[in-house]
Amino acid sequence: MKYALIGCGRIAVNHVKACDNNGLEFVAACDTVPENIDILFGKQMPKDADKIARYTDYKVMLEEHPEIELAAIATPSGDHAEIAKYLINHGVNVIIEKPMSMNMKDADEIVRLAEEKGVVVSACHQNRFNIAVQQTKKALDEGRFGTLSHGSIHVRWNRNKGYYDQAPWRGTWADDGGCLMNQCIHGIDLLRWLMGGEVDTVYGVTRQQFHDYLEAEDVGMAVVTFKNGAVATIEGTTNVYPKNLEETLYLFGEKGTVKIGGTSTNNIDVWDFSDETEADQQNKGFKEQTSNVYGNGHTSLYADVIDAIKNHRQPYVDARAGRNGLEMVLAIYKSMKTGQPVKLPLEDFASTDMKGTF
Ligand SMILES: NC(=O)c1ccc[n+]([C@@H]2O[C@H](COP(=O)([O-])OP(=O)(O)OC[C@H]3O[C@@H](n4cnc5c(N)ncnc54)[C@H](O)[C@@H]3O)[C@@H](O)[C@H]2O)c1
């Protein structure tokens, strides 16, 4: 399957690995800064690198390589929607890095276009493929928790000035958002998805405590009510001294308690069920080794997308999943702005509506 990568910065390393691990034919790489392709290949050399065409404009790339079947978008977040819509309109299947877009209008449009054009669109929430997360989802689907009482996600990370200085788009309302939109959206996606997806209201408060050189928040708290009666809390920050502490998800049911821990929801710290069997011993204390906080999920997500394309089915993490994660973050933003709980669905709110908050 012929593949292209658009945006060759930090996360692109995981995309190159996922491309090679899945035997894709890497046809073209595109970055507005051509040297970034060299830097990327220096970090992670793809197979047959000399055969990969290089572009600074994705439209020219697609014009010269109309055979591209799958493209990954790993540009700054503010560009995702425009590039995705262009590719989908040209019949290309896409993997869109998170957040899928920066506003509800674009997210809804991407969901609609994906259906209309019949292409596979996947939002890159790769942590759904973490083994700890998969085991928890299986237990939920089997009804082992009983009725859910509540859950919570804690993303307690550190991002310092050196990180934000790497690129001018970081921490801006138009192109990135703050810690909730960038760093915490994976955990927020997991919380919503695992707890049944149907959110009623979101009440949130955000602050900018230690990063006054950014536009957006560096800490956010929220209370979420679900239509199934369960409730949840969200705590996300990049303010933890001196380094990433944890990304931890708790689920509490009538007959089960699970705590998924580690730096990015990759370990099982607590696994207790009333119907415990021998097989549960494997999950207790389980740890998945990862080389960084982005985990191993890109390769699994790519494998699923390739299979979805071949079998004309929806991917495991589809465009609607990307829309739903974004909706949670934007609902927290809107709640901060209005001081009121926000009822979902969120019709039309944009990250840029937060301009001037801090
Ligand atoms: N899934 C994850 O766990 C994960 C982790 C990190 C980042 N991300 C997401 O990936 C995206 C990129 O993040 P990053 O840290 O790699 O950023 P980065 O700044 O390191 O890389 C972005 C690259 O895109 C290039 N670029 C900018 N505009 C472009 C355009 N129009 N066409 C082609 N190339 C363009 C830049 O020159 C740069 O090389 C962001 O949306 C971020 O939220 C996801």
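Okay, so the ligand first: 25 residues sit around it, and the ones that come nearest are Gly7, Gly9, Arg10, Ile11 and Glu97. Keep in mind that this is a predicted model. By type, that shell around the ligand splits into 12 nonpolar, 8 polar and 5 charged residues.

Now zoom out to the domains. The chain is divided in two, and each domain is made of two stretches: domain 1 takes 2-127 plus 298-317, and domain 2 takes 128-291 plus 323-352. Their centres, over C-alpha atoms, are 25 Å apart. Where the two meet, 21 residues of domain 1 are in contact with 28 of domain 2. On the domain 1 side, the elements giving two or more residues are α5 (104-117) and α9 (297-310), and α5 gives the most, with 5 residues. That same side divides into 10 nonpolar, 8 polar and 3 charged residues.

Last stop, helix α6, residues 131-141. Which residues of α6 are buried? Those are Ala132, Val133, Thr136 and Ala139. If you look down the helix axis, the buried residues of α6 fall within an arc of 125°, so they line one face. And what covers them? Part of the cover comes from helix α8 (185-194), and the strands β11 (246-253), β12 (256-261) and β13 (267-273) are also included. Flip to the face of α6 turned away from the buried side, and you find Gln134, Lys138 and Asp141, which are exposed. One more thing for the backbone people: after α6 comes glycine 143, with a positive phi, near 75°.

Conventions:
Residues numbered from 1 in each chain as written. Predicted model: local features only at pLDDT ≥ 70, side-chain atom pairs only at ≥ 80, totals over all residues. Buried ≥ 20, exposed ≤ 12 C-beta atoms within 10 Å, placed from the backbone. Helix = DSSP H or I, 4+ residues; strand = E, 2+ residues; numbered from the N terminus. Arc of directions from axis to C-beta. Contact = placed C-beta atoms within 7 Å. Near = placed C-beta within 6 Å. Nonpolar A, V, L, I, M, F, W, Y, C, P; charged D, E, K, R; others polar. Domains from an automatic or database assignment.
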